[in-house]
Amino acid sequence: MTQPLAQPPLPTTTAALPVSAVMGTAQGHVVSSPWRNLALGVLAAFMAFAAGPVTPAQADNWFEPLSGKPRAVDGDTLEYGFKRVDLYGADSLERFQKCVIGGQSTACGADAWQAITNLIAKTPVRCETKAINRYKRNMAICRNANGVDIGQQLVAMGWAVARPDEMPTYAAAEKSAKAARRGAWAGKFIDPLQWRRGERLPEHKISIY
C-alpha cells in the first residue's frame, strides 16, 4: 500500500512577537522597543486630553455699586448672589478663630460673624468697590440704609482690626474699642492676618507629642 506523501506545514501569516518586544524587558532590564514607546505615547496623549486645558485663575471684574440684602459669609465678607465683596479697611476675626477672654477660650470668630449679620439684617446695604484684594475679590465700603459704615462699626465693636493703610479714619475706632476693651479686646487674640498665616495663641496650639 502506497503511503501518502507528507504534506509540508502551512505557512503562517503572523509571527509571535518575543516577550521582550511586547513587555520591553530582557533579562530583568528595561529596554527600548517601538511597541513600548508607542504605548507610552498613547498613554501620555490620553492623560493630557483627560486633564483638559489649564485655565489661570481670573480676578473678579470691578463691580458697580451693589445694593440689596446681602448674606454674611464671615465677619468681613458679604455676598450678593454670586458676587462677593470683602470690607475695605476692616479685617475681621476669621469665622473659626478663637480668643481667650477671662481665661476661657471663646469662639470670637463666630461672634464677629454674628455681629455683621446683625448689622445687615434690618435694612438694605450698599457696597462701593475701592480695590481688588489678594484673593481677587472686590474690596468695598458698605453702608446700611441709615448710613452706618459696616466695616467701621465692626472695628468700633472690637470684632475687626483696622487697616489704616486702606482706611485711616478707622484707626480712631480701633483705639476706642481697645481702650474700652470691647469685643476681642477684652482678652487675647491673634491679628487675623497672622492667624491666616498659621499663628495661634499658646492655648490653641496643637502638640503632636
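## Contacts across the chain

Let's start with who touches whom. Of the contacts in this protein with a separation of 6 or more, 55% are between residues 24 or more positions apart. Keep in mind that you are looking at a predicted model. The secondary structure comes to six helices and twelve strands, and buried residues make up 34% of the 209 residues.

## The six-stranded sheet

Now find the open sheet: six strands form it, in the order 3-10-11-6-5-4, and the pairing is mixed. Strand 3 (66-68) and strand 4 are the edge strands, each pairing on one side only. On average, neighbouring strands of this sheet are turned by 40° against each other, direction ignored. As general background, the strands of a sheet pair through backbone hydrogen bonds, and they can do that in a parallel or an antiparallel way.

## Two hairpins and a parallel neighbour

Try walking in from the strand 4 edge. Strand 4 (residues 71-74) pairs with strand 5 (residues 77-80) in the antiparallel sense, over three bridges. These two strands form a hairpin with two residues between them. If you want a spot to aim for, look at Asp74, which stands opposite Thr77 in strand 5.

Next along, strand 5 and strand 6 pair in the antiparallel sense over four bridges. Strand 5 and strand 6 also form a hairpin with two residues between them, and Gly81 in that turn has a positive phi of about 60°. Thr77 turns up again here, with Asp86 as its bridge partner in strand 6. On to strand 11 (residues 138-144): strand 6 pairs with strand 11 in the parallel sense over three bridges. Asp86 stands opposite Met139 in strand 11, while Val85 stands opposite Asn138 in strand 11.

## Val85 in strand 6

Val85 deserves a stop of its own. The residue sits in strand 6 (residues 83-87). Is Val85 buried or exposed? Val85 has a relative accessible area of 1%, so it counts as buried.

Which residues does Val85 contact, leaving aside its neighbours within four places in sequence? The list is Phe63, Leu66, Asp76, Thr77, Leu78, Tyr80, Cys127, Asn138, Ala140 and Cys142. You can also check a distance here: Val85 and Pro70 are 15 residues apart in sequence, and their C-alpha atoms are 9.9 Å apart in space.

## Asn144 in strand 11

Over in strand 11 you'll find Asn144. Its relative accessibility is 11%, so Asn144 counts as buried too. The side chain of Asn144 reaches the backbone nitrogen of Asn146 at 2.9 Å. Not counting residues up to four places away in sequence, Asn144 touches Leu119, Thr123, Pro124, Val125 and Ile150.

## Ser92 in strand 7

Another residue worth clicking on is Ser92, in strand 7 (residues 90-92). With a relative accessible area of 1%, Ser92 is buried. A polar atom of the Ser92 side chain lies 3.3 Å from the backbone oxygen of Trp159.

What does Ser92 touch, not counting residues up to four places away in sequence? Trp159 is on that list, along with Gly75, Asp76, Ala112, Ala160 and Pro192.

## Helices 4 and 5

Time for a pair of helices. How close do the axes of helix 4 and helix 5 (residues 170-180) come, and at what angle do they cross? The axes come within 7 Å and cross at roughly 25°. Since angles under 35 degrees count as roughly parallel, helix 4 is therefore roughly parallel to helix 5.

The contact is made by Gly151, Gln152, Val155 and Ala156 of helix 4, and by Tyr170, Ala173, Glu174 and Ala177 of helix 5. Sorted by type, the residues of this contact divide into five nonpolar, two polar and one charged.

## A last stop at Arg181

Finally, have a look at the loop between helix 5 and helix 6 (192-196), where Arg181 lies. Arg181 has a positive phi of about 55°, although it is not a glycine.

Methods. Residues numbered from 1 in each chain as written. Predicted model: local features only at pLDDT ≥ 70, side-chain atom pairs only at ≥ 80, totals over all residues. Heavy atoms only, no water. Pairing = 2+ DSSP bridges. Buried < 20%, exposed > 50% of the residue type's maximum accessible area, 1.4 Å probe, protein only. Contact = heavy atoms within 4.5 Å. Axes fitted to C-alpha atoms, helices over the stretch in contact; angles between N-to-C directions. Parallel < 35°, antiparallel > 145°, perpendicular 65-115°, else oblique. Nonpolar A, V, L, I, M, F, W, Y, C, P; charged D, E, K, R; others polar. Polar contact = N/O pair within 3.5 Å; in protein donor to acceptor, adjacent residues only side chain to side chain.
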